[in-house]
Structures are given as structure tokens and as C-alpha cells.
Amino acid sequence: MTTKSELKKLYNKGKKRKFLAIFSVFIALIITVLVSVSLGAASPGLAEAIRVIASRVLPFLHLDPGSSFDQTIIWTIRLPRIVLGIIAGAGLAAAGVTMQGVLRNPLVSSYVLGVSSAAGFGAALAIVLGVSILSFGGYLVIGNAFIFCLIAMVLVFSIARLRGMTSETVILAGVAVGFLFSALLSLIQYVSKSTQAVNAVVFWLMGGLYTATWESILICSPIVAVVMVIMVLQSWNINIMSMGEDVAISLGVNPRRVLTITMLLETIATASIISFTGIIGFVDLIAPHIARMLLGSDHRYLIPCSVGVGAFMLLTSDTVARLIIAPTELPVGVVTSLLGVPFFLYLLISKKRRSFG
Amino acid sequence: MKLTINKLSFNYAATPVLKDIELEVGLGEMLSIVGPNGSGKSTLLKCINRILKTKQNTVLIDGKDASKLNLKELSKLMGYVPQTSRSTFPFTVFDVVLMGRKPYIHWSLSERDNEIVAEMLDFLGIGKLAMRHYDELSGGEQQKVIIARALAQQPQILLLDEPTSSLDIKHQLEILCILKSLSKTNHCSIILAMHDLNLASRFSDRILMLKQGCIFAVGPPDAVLTEENIESVYGIKAHVTNSVLGRPQVTPLISDLNEVRNVKIQPEIETKQR
């Protein structure tokens, strides 16, 4: 018979392993940041990069910032892109992992729930017609993409509510709304007379981090940070949701409320990211699975780990995307899938334990 | 705790499932709900636990209306063990049982939460499975895990939906003995939906027999499990004897497919016109 103290020891050992997994992911992320900041089509390397960053981050030390060329390359080109990559990867992965957990479905992503198609339609509308529901300053396309994400969520939410707000109704309503917006998106591209505008739409839909500026980071990072904190606070509820709605109620958790809160958080995080970057898929679907393979399904650890994996995945892909055929670059979405799929399949086949579904 | 059910009715859309159920379950009592498929056993359990919502003042705990309690307060008083419980994503046995502590934790776990989980695993004899994955266990082991989870809630009323239906004879007896000892030593009131009449007979203090959503009979096993009652509820001729354990033992007298197919259950004549 296993005694109680042995049990607790076993449990604590498992906990340590989970912390170690999260720690390793973030170490990998930091290494990727260092690699990414020191590589590029232009010359500055790691030493220059560190000098520039240190002089900016710690201005009171009055360090020598290096040449103004280095400063421009590192501070206004490479670093914003890296930071946006981290925020986007982290936020998308957090959105993916919570929605998969709450809807009890390992195939859920922002594509399935209609958010991406809606963002695409919103952006296309703004690009082709030059009109937007909401345009703050120069952010015509971004504002419209964001608003349409919210419209999609409200639609999915209201349709699902009619049928009792269960995980099945949310997914089906999401699929329907997604198809609606992708049909409208195709229509806009089809009827547009301007080839230039259609090209711009296609380019936007592929997504990328090349538009990164400190300004965009300033707007989306607080949103993503707040959303992630609330998500982590929901961990227990999400864990319990995965045992079914009846069990959730009997354990004192209101499944509809958890579903509503998570949907809202997921949409806000995804919308505030893809409005700036264009549609970046795959990360939100796969990062949670990789994290689950590393440390299991307890969302208290799974959400932080997914966040790290997502950031690492997107940053690595973007670094490869801009280096592989420098000075031009590949769309980041293409690289994410080309790198991510083989890695994911390797994990899927080599791991003995079933991690989902 | 005393559970009182007062004129409880429930409809799925327009189909009435439960009609005017009246029942009292006392401290430490073990009550089995029996009846044919679709007679409303599971629905009654879900109504008691407010997974399905019923009118005010239909479920009373120690005289207090359960619909006035919020879900969290209720989950500290009542545990529910579903027929089967699957998890989409893999959790260890320890983590599944830990979920039973949810009503008591906000974010971080106390030493006490861990202690209670370890205690429950020990109590159900599944300590060795603690770090195994719930999904990889056999049906009997899974059943013990979800009972342990419900017990980790430290409930005073425990509801179980056919806890033995997918288990072999040893596991059936093991689980029912565990429940019996809970009701006797911890004074936990236990309500089970059961299909096996002989197991219900052997372990229950009282049996509630449902027919088409109404109470047909309620009382001690020898008063409820009679040949007449079984025939009018299930439509099956049965022989009821007294077992070596002094409880009624039901032997159905049908051994032929055509005989079973020809069974006709007399619909209840609606005497209670309102």
C-alpha cells in the first residue's frame, strides 16, 4: 500500500518536473531571442545588439550605444519584430489552450471559431473599399479587423446561447460564422476591380511580423498580458470543465459562465494580435499540444507552458523566415507550418502516452 | 443531513419526466432508486444536485431550499458520481481527485487539500494508481477514482448514478461495501440509481421504485421488491425469495426471447387529476 507521505512525495516530484519543463521552454525562448537579435540581412551581431539594448533599457548607466546604423537596425527593426513575435505567439497559444480546454476539443483554434475569417474579412473590407467601421488615426485596417473579430464572437455567442451554450453549439456556431465570413471575404476579392488591392488582401491574410513597431507593441501587449493573467486564474475551472458539464456543476463550477469568460478572453487576445499581424494560424492549435506532451493537462502549468512554446515557435519561425532567403523573406505562416508539422509529428509518434482526444 | 424532496416535477421540453416526487432521506441512510430505463432515475439525481433546474422549494437540505444556495455552497454539501466520466485531455488520478477540492480552493492548494486527496485515494484502495493517467484505467478503477473525487468534496449527501453497472462482481461488492461503510460511519446520506435489483436489495436501507416518472413504491427492500411490484413496473414475472442474507432475492422467470418481447407494461392510470 502506498502511504500518504509517499503519495505527497510523488505529487511534489511531478510538480517539480512541470516547473522544469516550463523553465526549459523559457530558456529556449531566451536563447532564440539572442540568436534572432544578432542575425539578419544587415551586419550588426550579438555584441552590437547587446550594447544597443543595454544602453536603451538602462539609460542611467550612460553606456555607449554604438553607431546610429546599429541602433536603427537593432532598436527600430529587429527588436520590435522579436517582441511582437513573442507577444503574438504567447497570446495566440494562450487563446488556443484555454479554448481547447473549455470546449473539450483538441481541434479548436481561432480558425474553427470564426475569429480569423472575420478578421480577414474586416481587413479586406478596409483595404478594398477604404472604409472602416472604426478607424482610430491611421489604423484603418487594424481597427476594422479587430471590430469584425468582436462581431464574429457576438454572433457565435448569440447563436450558441439559443441552444444552451454547450461546447458543441459553440463549435458549430463558430464553424458556421467562419464559413460566412470566408465567403464574404472571397466575394470581396472576387468583385474588387483593383488587382493591387486584392494583392494587398492576400498579403495581409498570409500574416507576418514585418509591420512591427513599438507603437503596435504598446497597444497590444497590455491587452494580451491582462488576458493571460485572467486565463491563468481560470485554470481550475478549465481543468474541471474537461470532465464534462454535469461534473462541473456538481463541483460548483458554472460551465456557461466559464465558457463565456473564456470566449471573451480568447477573442480579445486573438483579435488584438491578428489585427496587427494578419492571420497567423497553426501556433494556437499546435503550441497547446506540444505543451500538453511536455507536462500534461493541468492548466495551472499548461497555460504558462503553452505561452512559452507559442512564443518560441513563432519567434523561431519568423527568424528563419527572414533569414533563409535574405534579403527577401518568406511568409511566417508558411515557415511555422513547415517547421512545426514535422516537429509535432515527431512528438506525436515518439511519445508513448496519449496526450489528447 | 436530511434531504427532503417536495412535489418535484421535471420536463424535458414538453415531455414530462418526473411527476410530483415526494421523498425524505435521513442522516446516514442508503437509498436505491430502481425502475426501468427511462423511468427517470438519472433525471431525479440530476434534479437533486441542481444539474437540472427545478422549481423553488422542491429540494430542501435540512429544511433549507437548495435553489437558494449557489453552486459552490451546494457542492460542499452534495457530491455527484456520474455513470461514466471521460476526460478529453489526460489527467493523472491524483489530479482528478484533486478536482473534488475545487469548492474549497481559490487558487493555491493547502496542505490539507493534498492530505484529503491522499486520504481518499487510500480509503478507496487506489493509492498505487495516483500517478497513472485516468483514461488508461479499467472501468472499475475509474469508478473508484470518481467516487474518490466526490468524497474529496466532503459531502454530506452523495448521489451516484449506476455506480456498479459496468463493473465485475468483485468491484461491485467492493464499491457498495465502501458506500455502506460511508453511510454508517460518516453518516453520509447516499442515494444510488441502480439497475441490479438484488444488489439494491442487499445494500439499501430503503428502495424507491420509479415507474414512468412517478413513485410507484418506497420502503424497505422486502416491502418494495415484491413479485407484484416487479411485474407491474418491469412487466416481468419474477420469483422473489428470501436470500441467505435475509434480503429479498429476485429471480426473473423469463428465459425466452419471445416472452421478453411480448412483455407489456400497463400504463399507470392517471388517478391524480389536477
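This tour proceeds through chain B and then chain A, naming at each stop what to select and what is found there. The model is a predicted one.

**Stop 1: the six-stranded sheet of chain B**

Begin with the open sheet of chain B whose six strands follow the order 6-7-8-3-9-10, with mixed pairing. Select strand 6 (78-81) and strand 10 (214-219) of chain B to mark the edges, where each strand pairs on one side only. From one strand to the next, the twist averages 15 degrees.

At one edge, display strand 6 together with strand 7 (residues 157-161) of chain B; these two pair in the parallel sense over four bridges. Within this pair, Gly79(B) stands opposite Leu158(B) of strand 7 of chain B.

Next, add the helices that pack on this sheet. Helix 1 of chain B touches strand 3 (30-34), strand 6, strand 7, strand 8 (189-193) and strand 9 (206-211) of chain B. The direction of helix 1 makes about 150 degrees with that of strand 7 of chain B. Helix 6 (residues 169-185) of chain B also packs on the sheet, with contacts to strand 3, strand 7 and strand 8 of chain B. The direction of helix 6 makes about 150 degrees with that of strand 8 of chain B.

**Stop 2: strand 3 of chain B**

Now isolate strand 3 of chain B and colour its residues by accessibility. Five of its five residues are buried, so the strand is largely enclosed by the rest of the structure. In a regular strand, side chains alternate between the two faces of the sheet. Show the side chains here: Met30(B), Ser32(B) and Val34(B) point one way, whereas Leu31(B) and Ile33(B) point the other way, and all are buried.

Which strands flank strand 3 of chain B? Strand 8 of chain B pairs with strand 3 in the parallel sense over four bridges, and strand 9 of chain B is likewise joined to strand 3 by four bridges and runs parallel. To locate the registers, select Ile33(B), whose bridge partner in strand 8 is Ala193(B), and then Ser32(B), which stands opposite Ile207(B) in strand 9.

**Stop 3: Thr164(B)**

Move to the loop between strand 7 and helix 6 of chain B and select Thr164(B). Is Thr164(B) buried or exposed? Thr164(B) is buried, with a relative accessible area of 5%. Leaving aside residues up to four places away in sequence, Thr164(B) touches Gln172(B), Leu176(B), Met194(B) and Leu199(B).

**Stop 4: the four-stranded sheet of chain B**

Turn to the open sheet with the strand order 2-1-4-5 in chain B, where the pairing is antiparallel. Strand 2 and strand 5 of chain B are its edge strands, each paired on one side only. Helix 1 of chain B, already encountered on the six-stranded sheet, packs on this sheet as well, touching strand 1, strand 2 and strand 4 of chain B. Here the direction of helix 1 makes about 120 degrees with that of strand 1 of chain B.

Select strand 1 (residues 3-12) and strand 2 (residues 15-25) of chain B, which pair antiparallel over seven bridges. Leu8(B) stands opposite Ile21(B) of strand 2. The two strands form a hairpin with two residues between them, and Ala13(B) in the turn has a positive phi of about 50 degrees.

On the other side of the sheet order, two bridges join strand 4 to strand 5 of chain B, and these strands run antiparallel. Leu60(B) stands opposite Asp65(B) in strand 5 of chain B.

**Stop 5: two backbone positions around strand 4**

Select Asn57(B), in the loop between helix 1 (41-48) and strand 4 (59-61) of chain B. Phi of Asn57(B) is near 60 degrees, a positive value in a residue other than glycine. Asn57(B) is partly exposed, with a relative accessible area of 39%.

Then select Asp62(B), in the loop between strand 4 and strand 5 (64-65) of chain B. Asp62(B) is not a glycine, yet has a positive phi of about 50 degrees. At 44% relative accessibility, Asp62(B) is also partly exposed.

**Stop 6: a helix pair in chain A**

Finally, select helix 4 (residues 115-129) and helix 11 (residues 255-277) of chain A. They pack at an angle of about 40 degrees, with their axes 10 Å apart, and are therefore oblique to each other. The crossing is right-handed. Val115(A), Ser116(A) and Ala119(A) of helix 4 make the contact with Glu266(A), Thr267(A), Thr270(A) and Ile274(A) of helix 11. By class, this contact has three nonpolar, three polar and one charged residues.

Definitions and conventions: Residues numbered from 1 in each chain as written. Chains lettered and ligands numbered in written order. Predicted model: local features only at pLDDT ≥ 70, side-chain atom pairs only at ≥ 80, totals over all residues. Heavy atoms only, no water. Axes fitted to C-alpha atoms, helices over the stretch in contact; angles between N-to-C directions. Parallel < 35°, antiparallel > 145°, perpendicular 65-115°, else oblique. Left-handed = near helix turned anticlockwise from the far one by under 90°. Contact = heavy atoms within 4.5 Å. Nonpolar A, V, L, I, M, F, W, Y, C, P; charged D, E, K, R; others polar. Buried < 20%, exposed > 50% of the residue type's maximum accessible area, 1.4 Å probe, protein only. Pairing = 2+ DSSP bridges.
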